[in-house]
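Me: Could you take a close look at the salt bridges in this chain for me? I'd like to know where the partners sit and whether they are buried or exposed.

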Amino acid sequence: MTGKRYSTAATVALICAAVVVTAPGAAYASPSPPSSPAEPTPRSDTSLERVRKEIEKLYHDAGVATDAYNAAEEKADKQSEQIVKLAKDIAKGQRKLKRLKALAGAAARAQYRGGGLPDEARLMLSDDPGQFLDGAGRVRQGEKATKSMLTELDRTQDDLRIYAKDATARWKKLEANRKAKAASKKKIKKKIADAEKLESRLEKKERERLRKLEEEAALKKQSAWVSSGILKDIDGKATPQGKKAIQFATAQIGKPYVWGAEGPGSYDCSGLTSKAWTKAGRGIPRTSQEQWKRLPRVAVENMRPGDLIIYHSDASHVGIYLGDGAIVHAPRPGRDVTIAGAGSMRILGVVRPDK
């Protein structure tokens, strides 16, 4: 689909939306006995718009906390792997140290049994100087081997001290990340609970209208983005890997958003993008913020299907570009993986996993 055709489609969609979505009329309550409870007064669109923005902010904050949670979890996983490796190195070093100590003890006992006469005295008392010299050479070789063994023993003890110190430092970092995860988890749950509580106070018709307002706000932003003419410059083609990532991501449509999830039954925004590209054979960072920091960036007008579009000034959301001005993404709690307009949220930039 060309940018021009997409722009026309978006314009038609806007007109249809304007016709279908009409402003609610004034509510007139029928006379009722004084004892009957008064019916709730419907909220105005202005009031509902304030609620929509407040809910949007709560879910945005939950998204930021989710990224922090995912980052802490990723670090904790790496630190756990490093600690396991250190534990194996320590166990290996301890076995080596035990073996060296046993050899050192055997050498000391052999030296004790060999007596303490100096070499000069042994030479004077020996009936065969040649045999003595051969023996002295072997003694020197033995002493050299013993010295080397003791040096290796000291080195092994130093290694064990370093391993133990490193393991202690990593345990402290692991504990710090555990606390960071717990704090982020608490914040996520609170923000989501606050948003759900705010929405639960609305009447059924108001919730339906709220959803319409969300759709209208997204459509308005998408229409403005398309009307800028940006799509006429975007004509990149997906790579084979990009096609695989898109195929995986679109196959997840309809699965629920769950913070911290990366499949197979549910996803958060970066869980979907990271898993899609892993399935395409390219491992990428787990969080949207790290994807923004570490992946190669490309200009919006140069993006191609399969690229990741990063949203909001804090890089707290991400979707996979499908082409024709659309993305597939996991929006927020209470919503499912879906296709949306690429310009329906504030674009921070675009990154390319397979550059």
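Here is a walk through some of the charged pairs.

Reply: Happy to help! Please keep in mind that this is a predicted model. The count comes to 16 salt bridges, and a good place to begin is glutamate 214, in helix 5 (residues 204–227).

Glutamate 214 forms a salt bridge with arginine 332, with 3.1 Å between the closest N and O atoms. That pair joins distant parts of the chain, 118 residues apart, since arginine 332 belongs to the loop between strand 4 (326–329) and strand 5 (338–341). Arginine 332 has a relative accessibility of 12%, so it counts as buried.

Glutamate 214 also pairs with arginine 335, and here the closest N and O atoms are 2.7 Å apart. Once more the link spans distant parts of the chain: arginine 335 is in the loop between strand 4 and strand 5, 121 residues from glutamate 214 in helix 5. With a relative accessible area of 14%, arginine 335 falls under the 20% cut-off and is therefore buried.

For a pair within one helix, turn to arginine 161 and aspartate 158, whose closest N and O atoms are 2.1 Å apart. Both lie in helix 4 (residues 129–200), three residues apart, which is about one turn of the helix. Arginine 161 is exposed because its relative accessible area of 54% is over 50%, while aspartate 158, at 37% relative accessibility, counts as partly exposed.

Finally, salt bridges can also join up into a network, as they do for Glu49, Arg52 and Glu56.

Note on methods: Residues numbered from 1 in each chain as written. Predicted model: local features only at pLDDT ≥ 70, side-chain atom pairs only at ≥ 80, totals over all residues. Heavy atoms only, no water. Salt bridge = Lys/Arg side-chain N within 4 Å of Asp/Glu carboxyl O. Helix = DSSP H or I, 4+ residues; strand = E, 2+ residues; numbered from the N terminus. Buried < 20%, exposed > 50% of the residue type's maximum accessible area, 1.4 Å probe, protein only.
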